[in-house]
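Dear colleague,

Here is the structure for your files. Please open it before reading on.

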Amino acid sequence: MREQLSKLEGQLENLFEGSLAKLIGEEISVGTLASQLARTMEDGLRRDDGGKPYAPNEFALTLHPDDAVRILEEAPDIQAMLSEGVAQAAKRCGYSLTHQPSITLASDPTLARREMRVISWHSSNTLEFTKAMQRQAQDPGVRLPKGAFLILGDGRHFALDQPVINVGRRIDNQIVLQDAHVSRTHAQLRVRDSRFVLFDLGSTGGTEVNGRKVKQHILRPGDVITIAESRLVYGEDDSGPPDTATAYTPPFPPRPAGDQDTETDGWDDEEGR
C-alpha cells in the first residue's frame with residue numbers, strides 16, 4: 001500500500017509542477033498538496049463486488065481565506081486544473097472514477113496561513129457501499145420522529161430532518177464540534193423504528209448520555225449528550241425547535257454520512273516548506 005501511495009503522490013506532484021506551481025506561488029506547497037490528495041484518495045478507495053478500485057470523485061481543498069482569495073486571483077482555473085490532474089493520476093495508478101473529479105476551493109478562517117485541509121468523498125451511488133446508504137436515505141418507510149431537534153451548548157438549534165446525522169470535528173459533518181478532544185467523525189444519530197438512536201463511532205474520548213458513557217442509546221426528549229466539552233440536548237416537539245433558538249448551520253456543506261476521508265496538514269515556516 002505504501003508503494004502505491006508513493007506512486008500516486010509522485011504522479012500528482014509531477015502533474016502539478018511547472019505552470020501550476022508558479023501560479024499558486026507561496027500560498028500552498030505543490031508537494032504538500034500532492035501528498036494530501038494522494039492520502040485522501042488512497043484512504044477513500046472503494047471496491048465493487050469484482051474488486052475493482054474506485055477513487056473518490058469529489059474533493060474540497062480548504063485554505064485560510066487570504067490564501068484562497070490570492071490563489072483564485074492568480075489562478076482562476078485552478079479547480080479545473082486540479083481536477084484534470086487527479087483524473088490523470090488516478091488513471092495511471094489503475095483507479096477507476098465514476099465521474100470526472102470535482103475540486104472545490106473553500107476557505108476556513110480557523111486555519112492558519114499556508115495550512116490546508118483536503119476532504120474527499122464519493123458522490124455516485126453506483127458502488128455497493130453507497131447503495132445501502134442511498135436506499136436508507138430514500139426509503140419511504142423511514143419515519144422520522146416528528147419535530148426532533150438538538151439544542152447545542154451555545155443555544156442554537158439543529159432540526160433532525162434527515163435519517164442519518166454525523167457529529168464530529170471534521171467540517172463536512174452535519175454538526176461540527178470544534179474541539180481537539182472530539183474525533184473527526186465522533187458520533188452518529190440514525191433513525192430506527194421511528195426513533196433516533198445515538199451511536200458512538202469508536203471515538204477516542206467516548207460519548208455520554210445523561211452522564212453515562214454509551215456505545216448506542218435510544219434518544220428520548222430531554223436526554224443530554226456530552227461529547228468532550230460540548231453538550232447537546234435532544235428534544236421532540238410537533239412545532240419543531242423553539243423560536244428563541246437560532247438555527248445552526250454547518251461551516252461546510254455536509255456530505256453523505258460515513259463516506260468522507262480527510263487529511264489536514266500545514267507548513268513549517270522554519271523549514272521553508
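Below are notes on confidence, one strand and the nonpolar cores.

This is a predicted model, in which local features need pLDDT of at least 70 and side-chain atom pairs count only at pLDDT 80 or more, while totals for chains, interfaces and linings use all residues. Residues are numbered from 1 along each chain as its sequence is written, and side-chain values use heavy atoms, with hydrogens and water left out.

The protein chain has an average pLDDT (the predictor's confidence in each residue, from 0 to 100) of 79, and 80% of the residues score at least 70. Confidence is highest in strand β15 (residues 224-227), with a mean of 96, and lowest in strand β17 (residues 260-265), at 44. Helices (H or I, at least four residues) and strands (E, at least two) are DSSP runs, numbered from the N terminus. Over residues 258-273 pLDDT stays under 50.

In strand β5 (residues 116-121), six of six residues are buried (under 20% relative accessible area, 1.4 Å probe, protein chains only). Met116, Val118 and Ser120 lie on one side, and Arg117, Ile119 and Trp121 on the other. Strand β3 (residues 58-63) runs antiparallel to β5, joined by six bridges.

The largest nonpolar core (buried Ala, Val, Leu, Ile, Met, Phe, Trp, Tyr and Cys residues joined through side-chain atoms within 4.5 Å) has 30 residues. Helix α3 (30-43) is among its suppliers and gives the most, six residues. Another core, of 24 residues, lies apart from it and includes Phe158 and Leu189.

Regards

How values were computed: Contact means heavy atoms within 4.5 Å. Buried means under 20% relative accessible area, exposed over 50%, partly exposed in between (1.4 Å probe, protein chains only). Two strands pair if DSSP finds at least two bridges between them.
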